[in-house]
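Morning, everyone. I'll walk you through one structure today, piece by piece. Please have it up on your screens.

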Amino acid sequence: MIVCEGLGRRYGDYWALRYVSFEVGRGVVLGVLGPNGAGKTTMVRILTTELMPSEGKAFVAGFDVIKEAEKVRRAVAAVPQESRPIDFLTPYEFVLSYLLLRGYSLREARRKTAEALKEFGLWETRNKEVDALSGGMKRRVLVAAVFASDADVVFLDEPTTGLDVYSRRLVWNAVSELKRRGSTVVLTTHYVEEAAALSDVVLVINKGRVVDLAPPDRLVEKVPGKYVVEVYGKDGLAVEGGAVLKIGDRLLYYVDAPPKLGEPSKDGAKIVIRPKSLEDFVLFNIGLIEEESHEDD
Ligand SMILES: Nc1ncnc2c1ncn2[C@@H]1O[C@H](COP(=O)(O)OP(=O)(O)OP(=O)(O)O)[C@@H](O)[C@H]1O
């Protein structure tokens, strides 16, 4: 469903994305993780034909994003980063017009609009102006429209940023339902646990380059040890063996077995023992790719 071959995008002499190659099939949820500025939105904008790549190729739903942009647009639906529905429409009017523009008959568009608004807890507010809705509800209106569109490939760029726990779960349900219907979903997020819970495959990017692409469990397996002992505080205990990460005043020890802990230290050092997770893969790997020199660009 999505194929990238050496995809790259530069702004002046700065490569926001480079050498990105991967392939994902139908009905797959692809989580995209990476720090601020990693190139996630740049990649999504290229795959939704909003932005031209500077090098490489990409195919979405079998169509070339450069040569067959129109066909790609018909096959995809997207909730872009920080997007808002049109303010002066109501949720009902927004979702309905979105579906009509995508070619649904009025009868079918009405049916699907009602279904999606109910699914996203927007039925009661369907006739209120979008302008009068909260930020989280506006976001739900967008996700509802995309959800109703039955597109082959759905792009959700940080769809849950700023959403309360209930709204977030609604979006999570939508991702699972889209997958069940056979859509491929590209989900960029800063919530690592969200990517772990929803994704079949996770693409980790940093400084425009692919760090890894694998199912979440496989990425977690790559983290050393089995448990993480997080020690916070100036005089916390030192844990023997295993890899150590230092993040500010916090030390993370990656060990095979949880250590037996004595009394907590007097200065209030905090100790947490937890199983390793996808977040640890990200912590270990982000920052390992050095800034490239621009000599060969
Ligand atoms: N129009 C532009 N002109 C110049 N540089 C740009 C432009 N758009 C993006 N960039 C740069 O490209 C890099 C990648 O940006 P991008 O928005 O893709 O990152 P991101 O991973 O989506 O980040 P975030 O998590 O903060 O949304 C950044 O360094 C950004 O400053």
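**From one sheet to the other**

Let's start with a strand pair. Strands β12 and β13 (residues 250–255) are joined by five bridges, and they run antiparallel. Look for I247: its opposite number in β13 is R250. Before we go on, a caution: this is a predicted model.

Now widen the view. Which strands make up this open sheet, and in what order? There are four, ordered β12-β13-β11-β14, and the pairing is antiparallel. At the edges you find β12 (243–247) and β14 (270–275), and each of them pairs on one side only. Neighbouring strands here are turned by 20° against each other on average, with direction ignored.

Next, the second sheet. This one is also open, but it has six strands. Read the order with me: β6-β7-β8-β3-β9-β10. The pairing is mixed. Why does one side of β6 and of β10 have no neighbour in the sheet? Strands β6 (76–79) and β10 (209–214) stand at the edges with a single partner strand each, so one side of each is left open in that sense. From one strand to the next, the twist averages 15°.

Zoom in on β3 and β8. Strand β3 covers residues 29–33 and strand β8 covers residues 184–188. They run parallel, and four bridges join them. Find L30, then look across to β8: V186 stands opposite. What lies across these strands? Helix α6 (residues 165–180) does, crossing β3, β7 (153–157) and β8. Against β8, helix α6 runs at about 155°.

On to the ligand. Which residues surround it? Among them are Y11, A16, Q81 and N36. The shell also includes G34, G37, A38 and G39, and then K40, T41 and T42. Which helix gives the most to this shell? Helix α1 (residues 40–47) does, with three residues. Sort the shell by class and you get three nonpolar, seven polar and one charged.

Now the overall layout. The protein is divided into domain 1, residues 2–214, and domain 2, residues 221–293. Taken over C-alpha atoms, their centres are separated by 34 Å. How many residues does each domain bring to the contact? Domain 1 brings eleven and domain 2 brings eight. On the domain 1 side, the elements giving two or more residues are α7 (192–198), β9 (201–206) and β10. By class, that side has seven nonpolar, one polar and three charged residues.

Last, the record. An unreviewed UniProt entry lists residues 2–232 as "domain: ABC transporter". In this model, that span is 36% helix and 29% strand. Its end C-alpha atoms lie 42 Å apart.

To recap: one sheet of four strands is antiparallel, and one sheet of six strands is mixed. Two domains meet, and α1 leads the shell around the ligand, with three residues. Thanks. Over to you.

Terms used: Residues numbered from 1 in each chain as written. Predicted model: local features only at pLDDT ≥ 70, side-chain atom pairs only at ≥ 80, totals over all residues. UniProt positions renumbered as here; feature names shortened; annotations may be inferred. Pairing = 2+ DSSP bridges. Axes fitted to C-alpha atoms, helices over the stretch in contact; angles between N-to-C directions. Contact = placed C-beta atoms within 7 Å. Near = placed C-beta within 6 Å. Nonpolar A, V, L, I, M, F, W, Y, C, P; charged D, E, K, R; others polar. Domains from an automatic or database assignment.
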